[in-house]
Amino acid sequence: MWKLMIADDEPRIRNGLCKTLPWADMGIEVVAEAENGKEALEIAASACPDLMFVDINMPFMNGLELIEKLHDQNPNCLVIVISGHDEFAYAQQAVRLNAFDYLLKPVQKTELSSAVNKALEVLMKDRVEQKHTQWMNHKLEFNAETMREEFFSKWITGKLTKEQFEEEWLFFQPQFHGKISMLLLKPLGKVTANAPSKIWDPSLLEFAIKNILSEMLPQLPISTVFSAEKGRIAALTQISDLNSIRAVYQEFERVVMTYLGVSMLLTHSVVEQLEQVPKHYEEMNQELIRESALTPIVMMTKKYLETYYYKEDLSLSEVAEQMNVNATYLSKLLKRDLGKSFVDCLTDIRIKKAIQYLNDPTSKMYEIAKKVGYQSQHYFSHTFKKMTGVSPLEYRKRGDY
């Protein structure tokens, strides 16, 4: 229903206009009346009429003033002036203020009907155009986002020439500068012990994971999330605080596991220069391929170690129990698939985590040791040097992380 409002200081005129035409049959509802211009402007702010009948001679604020203020407040409202003044100056002023029509009292029924029907045609046309514009804007936004995703996907997978990259980079204008954090992941489905049981459609799962990651990354500087190739999802984030980014990735993985019931193969890298992104992607993708070839139990074990590496007393028997397998059998699987013992696997993960913590200059060595599962700082330093060739302190001074 179109909404009609009547502003006239004479009750008899307002009552007559309410009954002159079969408004309901015309798809119109009389939503409000006002006896002066000031009251009409206040009511129109909440009633939002599509059409208004306005008298010129009203107290507090005359009709011409009302039309002028109404244009700013309700720009889409069409105004039909119904006045007792047959002076050209009034009509001229009404036209200048974009009044839709100017009728003289006493207004004839046929004349009013004709003016209203013309107004309805304009309102209908405007509404159709408005809906079309909204639809077009929605399509453009959707297509722009699709094109943006396609650009990033082609770029990191090395499918753009240098010229294509430079041209499209200028078009999409990503604001990345300096170091970039690059995340690459692959959803695995239910490969975690005690995970909730749910079968996902791959495309729906990808959509859900991208949405979660997109919502969590805006708390960081400039970032973008997009589909890469073969079920991979990638994210690029400008680095301001690497520890904050890693914390977001860790929380993201927990949220996906908790609410979607799936695990992910996930790898992360720091890219020093923009042109190195495709090279890093290829290395990270190869890592995912190697990880994907692992048996589910080995994959679950790695995930478990990456989650609980900080537990000082973490043992093979505890992990085997969580995996519902015999400890000897699990040890053989790790040796066969990874070429490492349980202790070596755990140590690798702990040292990698320690290297991340070393990036924070405020962290004390004994704090880092404890965070990665070593009660003794001395033993931590000994193990770190054995794995990397240098002590944690030397590694931090070198800044190679």
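These are my notebook entries on what I looked up in this predicted model.

**Entry 1. D55 and its surroundings**

I began with the residue that carries an annotation. The UniProt record, an unreviewed entry, gives D55 as "modified residue: 4-aspartylphosphate". I found D55 in the loop between strand 3 (51–54) and helix 3 (63–73). Is D55 buried or exposed? Its relative accessible area is 3%, so I put D55 down as buried, the cut-off for that word being under 20%.

Next I listed what D55 touches, leaving out neighbours within four places in sequence. The contacts are A7, D8, D9, G63, I82, S83, G84 and K105. Two of these, I82 and K105, come up again below.

**Entry 2. The loop after strand 5**

K105 is one of the contacts of D55, and I looked at the peptide bond that follows it. The bond joining K105 and P106 is cis, with omega at about -10°. I placed P106 in the loop between strand 5 and helix 5.

V107 is in that loop too, between strand 5 (101–104) and helix 5 (109–156). With 24% relative accessibility, V107 counts as partly exposed, because buried requires a value under 20%. Not counting residues up to four places away in sequence, V107 touches L17 and L112.

I also checked V107 against I82, which is a contact of D55. The two are 25 residues apart along the chain, and their C-alpha atoms are separated by 7.4 Å.

**Entry 3. Helix 5 and a long distance**

I then picked M124, which lies in helix 5. Its relative accessibility is 42%, so I recorded M124 as partly exposed. How far apart are M124 and W169 in space? From C-alpha to C-alpha I get 42 Å, for a separation of 45 residues in sequence.

**Entry 4. Nonpolar cores**

The largest nonpolar core has 54 residues. Within this core, W155, I156 and L236 have the most contacts. Which helix gives the most to this core? It is helix 13, with eight residues. Another core lies apart from it; this one has 24 residues, and I noted A34, L41, I56 and C77 among them.

I followed L236 further. Leaving aside neighbours within four places in sequence, L236 is in contact with F152, W155, F176, I180, S181, M182, I222, S223, T224, F226 and V277. W155 is thus on the contact list of L236, and both are among the residues with the most contacts inside the largest core.

**Entry 5. S227 in strand 7**

S223, a contact of L236, is the residue at which strand 7 (residues 223–227) begins. At its other end I looked at S227. S227 counts as buried, because its relative accessibility is 15% and the limit is 20%. Its contacts, not counting residues up to four places away in sequence, are E149, S153, E206, K210 and R232.

**Entry 6. The annotated domain**

From the same kind of record, again an unreviewed UniProt entry, I took the feature "domain: HTH araC/xylS-type" at residues 299–398. The span is 73% helix and 0% strand. Its end C-alpha atoms lie 33 Å apart.

**Entry 7. The second largest pocket**

I noted a volume of about 360 Å³ for the second largest pocket. The lining consists of 18 residues, and the closest to the pocket centre are V343, T347, Y374, Y379 and T383. Which elements give two or more residues to the lining? I found helix 13 (342–358) and helix 15 (377–388). Helix 13 gives the most, with seven residues. By type, the lining divides into seven nonpolar, six polar and five charged residues. Helix 13 is also the element that gives the most to the largest nonpolar core.

**Entry 8. Positive phi outside glycine**

Last, I looked up two backbone angles. Phi of C48 is near 50°, a positive value in a residue other than glycine. C48 lies in the loop between helix 2 (37–47) and strand 3. Its relative accessible area is 40%, so C48 is partly exposed.

N324 is not a glycine either, yet its phi is positive, at about 60°. I placed N324 in the loop between helix 11 (316–323) and helix 12 (327–338). N324 is exposed, because its relative accessible area is 67% and the cut-off is over 50%.

Definitions and conventions
Residues numbered from 1 in each chain as written. Predicted model: local features only at pLDDT ≥ 70, side-chain atom pairs only at ≥ 80, totals over all residues. Heavy atoms only, no water. UniProt positions renumbered as here; feature names shortened; annotations may be inferred. Helix = DSSP H or I, 4+ residues; strand = E, 2+ residues; numbered from the N terminus. Buried < 20%, exposed > 50% of the residue type's maximum accessible area, 1.4 Å probe, protein only. Contact = heavy atoms within 4.5 Å. 1 Å grid on protein atoms, 1.4 Å probe; cavity = no way out; pocket = protein on both sides within 12 Å on 5 of 7 lines; lining within 4 Å. Points joined across faces, edges and corners; volume = space filled by probe spheres on them. Nonpolar A, V, L, I, M, F, W, Y, C, P; charged D, E, K, R; others polar. Core = buried A, V, L, I, M, F, W, Y, C linked by side-chain atoms within 4.5 Å.
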